[in-house]
Amino acid sequence: MTADPGLLAVRRGPLTGALAAGSAQTVAVRDVPGRTLVELRVATNQDGSGAVESALGFDLPAAGHTSRDGQQLAVWLGPGWWLLDAPAATGPRTLEAPLVHRLRDSGGELSAVEVSAGFAVLELSGPRAPAVLAHGCSIDLHPRVFGRGRSARTMLAKAQVVFALTDDAPTYRIWVRSSFARYLVAWLLDAATEYLCEDPTRSSG
Amino acid sequence: MLRIPCPWCGPRDETEFCYGGQAHVPYPADPSTVDDADWAGYLFFRDNPKGWFAERWMHRAGCQRWFNVVRHTVTYEISASYPPGTSRPDVA
Ligand SMILES: [Zn+2]
């Protein structure tokens, strides 16, 4: 995905038109628009992922974790399988992100496929974010178990998602199939309703 | 609901997995020499123990990998979870 302003203007996040998206004091949901997403698979019999990592510019994370370099994030999905999340590339318009070509040219035994259009990226943040997630997900989200830098590919409210804890607000970044995105947003806003009335800045609950 | 320990992702709900039947059923080494009875045995006949059973599961909603689990068919207790290609651990 290249930052063609025409194309980016047409892309709509699943929260577009939503009535409420929460507050920072309790829990908030927001779109993370215009990300470049790449699914990366590396042969697991390969001795390390050194070539891939040098093309990427940072190390790939171990099982159940993420790694990051500035605005770029790598999420472990399975053995030899990662999701890369990077800002929209700038520069001349191309069909695939330059990152894909850089990975393919790295000489590693791999598959790199741009999947930006296949996923919506959301962020759920605030002190009540873990409670909202726990309404629809069976993973132990206690910070002792699921701290910053952890990730999971799992089911959330019957939707297939990947999520990762990216900061201690806490903020969870959620990747969901585009076709499930509006459903998941509706579910998140509904699950968050009971916590929104705890917000002292809101006059009535 | 079973909690199944994926060797890579850790314990997850049963609804994240697909069931794959008995584990350690090898494909015949030379299929052309297998007679009908043995071929039927390979295709259709499986153990059905009352007790510990090694079976295959696939973590569909997670890492999408096949692996093996040793589960008790009466108590549903799970005593081992291990990657494919490794032999059944001596736990039960
Ligand atoms: Zn798994």
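## Chain A: overall make-up

Chain A contains five helices and 10 strands, where helices (H or I, at least four residues) and strands (E, at least two) are DSSP runs numbered from the N terminus. The model is a predicted one, in which local features need pLDDT of at least 70, side-chain atom pairs count only at pLDDT 80 or more, and totals for chains, interfaces and linings use all residues. Residues are numbered from 1 along each chain as its sequence is written, chains are lettered from A and ligands numbered from 1 in the order in which they are written, and side-chain values use heavy atoms, with hydrogens and water left out.

Of the 205 residues of chain A, 49% are buried; buried means under 20% relative accessible area, exposed over 50%, and partly exposed in between, with a 1.4 Å probe and protein chains only. Contact is defined as heavy atoms within 4.5 Å. Among the contacts of chain A with a separation of 6 or more, 63% are between residues 24 or more positions apart. The chain exposes about 9,800 Å², and carbon and sulfur atoms supply 53% of that area. Accessible areas come from the Shrake-Rupley method with a 1.4 Å probe; for residues, only the protein chains shown count as cover.

## Chain A: two loop positions

A:Arg12 is placed in the loop between α1 (5–10) and β1 (28–31). This residue counts as exposed, because its relative accessibility is 61%. A:Arg12 and A:Gly34 are 22 residues apart along the chain, and their C-alpha atoms are separated by 9.4 Å.

A second loop, between β9 (159–167) and β10 (171–177), holds A:Pro170. The peptide bond leading from A:Ala169 to A:Pro170 is cis, with omega near -5°.

## Chain B: overall make-up

Chain B has one helix and six strands, arranged from the N terminus as β-β-β-α-β-β-β. Its C-alpha trace spans about 40 × 30 × 25 Å along the principal axes. Buried residues make up 34% of the 92 in this chain. Of the contacts in chain B between residues at least 6 apart in sequence, 47% join residues at least 24 apart.

The accessible surface of chain B is about 5,500 Å², with 52% belonging to carbon and sulfur atoms. The chain carries 9 positive and 11 negative charges, whose mean positions are 9 Å apart. In this count Lys and Arg are positive and Asp and Glu negative, while His and the chain ends are not counted; each charge is placed at NZ of Lys, CZ of Arg, CG of Asp or CD of Glu.

## The zinc site of chain B

Four protein donors are assigned to the zinc ion: B:Cys6 (SG), B:Cys9 (SG), B:His59 (ND1) and B:Cys63 (SG), at 2.0 to 2.4 Å from the metal. Donors are N, O and S atoms within 2.8 Å of the metal (3.2 Å for Na, K and Ca); water is not among the atoms, so sites may look incomplete. Along the chain, the donors follow the spacing C-x2-C-x49-H-x3-C.

The site is tetrahedral, with angles of 103 to 121° among the four donor atoms; four donors count as tetrahedral if all angles lie between 85 and 135 degrees. The ideal angle for four tetrahedral donors is 109.5 degrees. Of the donor residues, B:His59 is buried because its relative accessible area is 0%, and B:Cys63 is buried because its value is 3%.

## Buried strand residues of chain B

B:Arg12 belongs to strand β2 (residues 10–13) and is buried, because its relative accessible area is 4%. Beyond residues up to four places away in sequence, B:Arg12 touches residues of both chains, including A:Ile139, A:Ala152, A:Arg153 and A:Thr154 together with B:Phe17 and the zinc donor B:His59. The C-alpha atoms of B:Arg12 and B:Ala61 lie 9.7 Å apart, with these positions 49 residues apart in sequence numbering.

B:Asn68 is located in strand β5. With a relative accessible area of 6%, B:Asn68 is therefore buried. Its contacts outside four places in sequence include B:Ala23, B:His24, B:Glu55, B:Arg56 and B:Tyr82.

## Positive phi angles in chain B

B:His24, one of the contacts of B:Asn68, has a positive phi near 60° although this residue is not glycine. B:His24 sits in the loop between β3 (18–22) and α1 (36–44), and counts as partly exposed because its relative accessibility is 42%.

B:Gln64, likewise not a glycine, has a positive phi of about 60°. The loop between β4 (52–58) and β5 (66–72) contains B:Gln64, which is partly exposed, as its relative accessible area is 36%.

How values were computed:
Four donors count as tetrahedral if all angles lie between 85 and 135 degrees; four count as square planar and six as octahedral if opposite donors are over 155 degrees apart and all others between 65 and 115; anything else is irregular.
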